Amino acid sequence: MTADISTLIAPYVEKDPTKFYTTEQFKESVSGEKSLVHFAVKRAASIQAQLSGELVVEANTSSNMGGPGGGGPNGRSTASQ
């Protein structure tokens, strides 16, 4: 689907005088190693490996972000300050 859409919009990308990226960068983002498709394939493989138990990912569940009932960056509540 990404390839089909990029084929449709490529002529407009080439002609756009206000584009933020070059046409070559556009093409790389559609089919290169840094493309959305490449990312999605790698991500799907990672998720599959995690679900099968082949890949174990350690998660850090403490965030220091505060939030409801949570503490601020120093671990203390900021609600009454």
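**Close-up views of a three-helix chain**

**View 1. Ser6 and its surroundings in helix H1.** Ser6 has its place in helix H1 of this predicted model. Its relative accessibility is 13%, and residues under 20% are classed as buried, so Ser6 counts as buried. A polar atom of the Ser6 side chain lies 2.9 Å from the backbone oxygen of Ala3. When residues up to four places away in sequence are not counted, Ser6 touches Phe26 and Val30.

**View 2. Ala3 of helix H1 and Lys27.** Ala3, whose backbone oxygen takes part in the 2.9 Å pair with the Ser6 side chain, also lies in helix H1. Ala3 counts as partly exposed because its relative accessibility is 47%, a value in the range between the 20% limit for buried and the 50% limit for exposed residues. The C-alpha atom of Ala3 is separated by 9.7 Å from that of Lys27. Along the chain, these two residues are 24 residues apart.

**View 3. The buried side of helix H2.** Helix H2 comprises residues 23–31. Within H2, the residues Thr23, Phe26 and Val30 are buried. They lie on the same side of H2, because they cover an arc of only 55 degrees around the axis. Helix H1 and helix H3 (36–52) are included in what covers the buried residues of H2. Two of the buried residues, Phe26 and Val30, are touched by Ser6, which is located in helix H1.

**View 4. A nonpolar surface patch with Leu8.** Met1, Ile5, Leu8, Ile9 and Tyr12 make a nonpolar surface patch of about 630 Å². One of these residues, Leu8, lies in helix H1, which spans residues 2–15. Leu8 has a relative accessibility of 62%; the class of exposed residues begins over 50%, and Leu8 therefore counts as exposed. Helix H1 thus holds both the exposed Leu8 and the buried Ser6.

**View 5. The chain as context for the close-ups.** The chain contains three helices and zero strands. From the N terminus on, its elements run α-α-α. Of the 81 residues in the chain, 14% are buried; among them are Ser6 of helix H1 and Thr23, Phe26 and Val30 of helix H2. The accessible surface of the chain comes to about 7,200 Å². Carbon and sulfur atoms account for 58% of this surface.

Notes: Residues numbered from 1 in each chain as written. Predicted model: local features only at pLDDT ≥ 70, side-chain atom pairs only at ≥ 80, totals over all residues. Heavy atoms only, no water. Patch = residues over 30% accessible without salt bridge, like charges linked within 9 Å, V, L, I, M, F, W, Y side chains within 5 Å. Areas by Shrake-Rupley, 256 points an atom, 1.4 Å probe, with all protein chains shown as cover. Salt bridge = Lys/Arg side-chain N within 4 Å of Asp/Glu carboxyl O. Helix = DSSP H or I, 4+ residues; strand = E, 2+ residues; numbered from the N terminus. Buried < 20%, exposed > 50% of the residue type's maximum accessible area, 1.4 Å probe, protein only. Arc of directions from axis to C-beta. Contact = heavy atoms within 4.5 Å. Polar contact = N/O pair within 3.5 Å; in protein donor to acceptor, adjacent residues only side chain to side chain.
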